[in-house]
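Trainee: Could you pick one part of this model and take me through it slowly, starting from the overall layout? I'd like to see how the pieces fit together.

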Amino acid sequence: MKRTVPLIIAIVAGFVLLIANFIPFAEDWGLTAQEWFNILAVGAMILGGGNLVKLHLMKISGQRKGWGYSVVTIGCFVGTLIFGLFKIGVHPNEIYPNVGWSGYYLEGGSGLWWIYQHMIVPLTSMMFAMLAFYVATAAFRAFRAKNTEATLLLVTAGVVLLGQTYAGVWLFEGWLPESMQWLRFDHLTEWVMNIPNTGGTRAITIGIALGVVATSLRILLGVDRSYLGQD
Amino acid sequence: MKKSHTFYIGVFVSLAYSGVASALSFETLPEPPMDLVVIDTPDDAGNSVELDWALSGTDIFNPLIENASDTDPSTIVATYSIERKVSDANGSELDESDLNWQKVSEAGAGESHWTDRTVERGWTYDYRICSVDNQGDSSTWCNGEPVTPVMQIFNMSKAWLAIFMLIFGGFIAYFINQARAGKPLWVRKIAGLEAIDEAVGRATEMGRPVLFVAGIQDINEIQTLAGLTVLSRVAKTAAEYGAQIEVPTCRSLVMAAARETVEAAYLSAGAPDAYQPDKIHYLTDEQFAFVAGVTGYMVREEPAACIYMGGFYAESLILAETGNHIGAIQVAGTAMPSQLPFFVASCDYTLIGEEFFAASAYLSGDPLQIGSLKGQDYGKFFSVLILVIGIFFASIISLSDSEDGLAVDSLNYINNNMLGSEGLGSFGGGDTDIEGDDS
């Protein structure tokens with residue numbers, strides 16, 4: 001029963017969305033299913049938040065390794081929750097000036113807005129900026145000319161890198177004959193991006209699309225139940 | 001009649017005539033839009049109507065006007081006013097106002113299309129449109145034919161998609177039946193999936209945990225489901241080997257589903273007591289905060305194996321590079337083409353696109369699921385066949401430099417009908433610009 005009911009829900013919801021794609025009469029069914037999902041997701045947020053608090057409180061009470069981080073996490077969680085729920089710093093809406101909490105929760109200058117603008121945005125940007133360093137280390141490893149394929153990759157990457165900058169034009173200025181202009185890095189980059197790169201990406205995309213259909217059919221037909229914990 | 005009277009009457013008549021004439025010659029009304037065409041939106045549930053019109057002669061955005069700067073400024077069209085009335089309510093009771101012309105929308109200058117999504121199925125509507133200048137003066141009305149929106153049973157614009165799905169589904173069903181009948185089906189080895197057992201075994205030997213990340217998408221995404229099917233296998237292997245598994249999630253629903261998956265896997269491995277629900281936990285919905293949490297765990301606990309299976313975005317490289325730095329054996333699988341190069345560069349094994357979706361069937365070893373993989377391969381062959389036909393016709397057109405003929409019609413049909421949204425349509429009816437088409 002614990003597996004059968006979710007399986008039936010998955011199959012019915014899947015077929016409803018499939019039919020809604022082809023039958024105009026049923027097109028609203030898909031939207032309804034999506035609304036149900038959103039309601040479930042909101043409910044599950046409480047589940048997730050509860051789990052987060054529980055785990056970190058256990059870590060703090062057991063004073064396990066790194067429990068100090070858990071204190072920071074719980075502090076931030078509770079602080080943000082209070083600022084958001086009680087709309088601290090939010091002014092009443094002009095239409096309802098006598099209702100204290102009638103303002104928009106992310107109003108400019110409010111507590112939650114300040115947390116978002118001055119803590120979440122910079123921290124997120126910092127994580128994103130770290131990508132540049134990771135790209136450099138990954139590129140260093142990927143572009144080592146260990147074999148023919150890696151050498152080809154290295155050369156192509158070099159051409160594309162230079163072709164994206166002014167160096168791709170400047171290096172060939174003045175000496176390359178007109179008939180050989182296609183050898184300029186910017187032209188080669190354009191060719192690499194438009195022909196082999198697009199072709200390869202499309203091949204992968206077609207494979208993915210077919211994989212999605214096959215996986216969906218396996219789930220819809222109940223052949224694949226492993227996501228429910230069954231082989 | 002006296003001669004003097006005749007003179008005065010003549011003067012009066014001539015003055016009156018000249019007044020009317022001058023009024024007519026200085027009339028500053030904008031020109032009306034023309035050729036209003038009203039049609040029921042095709043392939044819908046009968047809940048919308050499409051309106052198209054030719055732009056007014058005093059609309060400066062009208063491409064047919066040769067010298068827009070010569071247009072009298074007082075007649076330049078600012079907006080088009082669209083009115084509607086109900087001429088037949090199909091037996092339903094109507095408000096008096098619905099029977100009279102009512103303004104339903106306004107289109108800006110230069111716009112020649114509007115969709116009315118506020119119609120009732122089965123009712124008959126009349127539409128009319130006029131242009132309005134900046135002074136608020138309106139032109140005469142341009143009327144359209146009455147229209148009755150009706151519901152189509154099937155969305156014919158997706159007819160070819162349905163046909164492809166039936167063919168593809170047919171292949172899969174056929175090979176599932178073949179497998180059920182006991183016919184052995186061969187599937188090539190997927191190194192990334194073979195490596196999962198090796199990775200979990202290594203983690204067991206080293207006494208360190210296995211980290212599994214099912215992407216950052218929610219449970220309604222197919223990639224997350226595919227990731228969970230791999231998690232089922234990883235958890236079962238971990239339970240058999242006695243390894244510890246850690247599953248941080250980016251979505252609450254994924255956490256709930258992953259717990260069910262892992263619990264069932266431990267149960268089927270005969271080690272239900274070893275299952276620790278707290279090891280499958282929620283971190284945050286925020287993309288980079290999630291990455292910070294996971295990479296922090298990786299640096300602190302140094303898992304021996306890191307497995308990433310699901311939908312990833314920019315965080316893929318941060319995760320994979322951190323795993324690489326701590327020396328973990330890494331297996332990744334995703335259907336995000338833009339993230340695949342990062343995983344390939346940083347991980348030991350990567351499941352590329354369809355391999356990732358094949359993982360569940362491959363790992364289960366279930367003949368029914370393997371049959372579906374075989375069907376998938378035949379679907380791929382069918383797609384390649386259409387590609388080759390398209391390339392053949394495109395090459396002929398390119399070499400012969402022709403603009404019409406069988407090859408052009410065939411390529412147009414493939415582009416517009418089979419791969420586009422014109423449905424079954426008629427062969428030779430399309431007019432695609434082949435030179436500029438890169439679809």
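Mentor: Chain A is split into domain 1 (1-85), domain 2 (91-135) and domain 3 (143-231). Keep in mind that the whole thing is a predicted model. Taken over C-alpha atoms, the centres of domain 1 and domain 2 of chain A are 23 Å apart.

Now for chain B. Its assignment gives domain 1 (34-143), domain 2 (156-184 + 381-439) and domain 3 (191-365). Notice that domain 2 of chain B is written as two stretches, 156-184 and 381-439. The C-alpha centres of domain 1 and domain 2 of chain B are separated by 38 Å.

The two chains touch, with 65 residues of chain B and 52 residues of chain A taking part in the contact. On the chain B side, the most comes from helix 6 (residues 252-268), which gives 10 residues. That side of chain B is made up of 34 nonpolar, 19 polar and 12 charged residues.

So which part gets the close look? Let's take the six-stranded sheet of chain B, since helix 6 leads us there: this helix lies across strand 9 and strand 10 of chain B and runs at about 175° to strand 10.

The sheet is open, with its six strands in the order 10-9-8-11-12-13, and the pairing is parallel. Strand 10 (280-282) and strand 13 (349-352) of chain B are at the edges; each has a single partner strand, so one side of each has no neighbour in the sheet. From one strand to the next, the twist averages 15°. As a bit of background, strands of a sheet pair through backbone hydrogen bonds, either parallel or antiparallel.

Let's walk through some of the pairs. Strand 8 (residues 210-213) and strand 9 of chain B run parallel and share two bridges. In that pair, Leu211(B) has Glu246(B) of strand 9 as its bridge partner. Further along, strand 11 and strand 12 (residues 329-334) of chain B are joined by five bridges, again in the parallel sense. There, Ala305(B) is matched with Ile329(B) in strand 12.

Is strand 9 (residues 245-249) of chain B mostly covered or mostly open? It's mostly covered, as five of its five residues are buried. Ile245(B), Val247(B) and Thr249(B) are buried on one side, and Glu246(B) and Pro248(B) are buried on the other, so to speak a strand with both faces covered. Remember Glu246(B) from a moment ago: this buried residue is also the bridge partner of Leu211(B).

Next, what packs on the sheet? Helix 4 of chain B does, touching strand 8, strand 11, strand 12 and strand 13 of chain B, and its direction makes about 145° with that of strand 12. Helix 4 (residues 191-206) also meets helix 5 (residues 222-241) of chain B: their axes come within 10 Å and cross at roughly 40°. That crossing is right-handed. On the helix 4 side you'll find Ile196(B), Asp197(B), Val200(B), Gly201(B) and Thr204(B), while helix 5 brings Arg233(B), Val234(B), Thr237(B), Ala238(B) and Tyr241(B). Sorted by class, this contact has five nonpolar, three polar and two charged residues.

There's a small oddity to spot around here too. Glu302(B) has a positive phi, near 50°, in a residue other than glycine. You'll find Glu302(B) in the loop between helix 7 (287-301) and strand 11 (305-309) of chain B. It counts as partly exposed because it has 15 C-beta neighbours inside 10 Å.

For contrast, look at another sheet of chain B. Four strands form an open sheet in the order 4-3-6-7, and here the pairing is antiparallel. Its edge strands are strand 4 (102-108) and strand 7 (142-143) of chain B, each pairing on one side only. Strand 3 (residues 77-88) and strand 4 of chain B share six bridges in the antiparallel sense, and Glu83(B) stands opposite Lys103(B) in strand 4.

To finish, go back to the six-stranded sheet and trace its order, 10-9-8-11-12-13, once more in the viewer. Then find helix 6 across strand 9 and strand 10 of chain B, and helix 4 touching strand 8, strand 11, strand 12 and strand 13 of chain B.

How values were computed. Residues numbered from 1 in each chain as written. Chains lettered and ligands numbered in written order. Predicted model: local features only at pLDDT ≥ 70, side-chain atom pairs only at ≥ 80, totals over all residues. Contact = placed C-beta atoms within 7 Å. Nonpolar A, V, L, I, M, F, W, Y, C, P; charged D, E, K, R; others polar. Domains from an automatic or database assignment. Pairing = 2+ DSSP bridges. Axes fitted to C-alpha atoms, helices over the stretch in contact; angles between N-to-C directions. Left-handed = near helix turned anticlockwise from the far one by under 90°. Buried ≥ 20, exposed ≤ 12 C-beta atoms within 10 Å, placed from the backbone.
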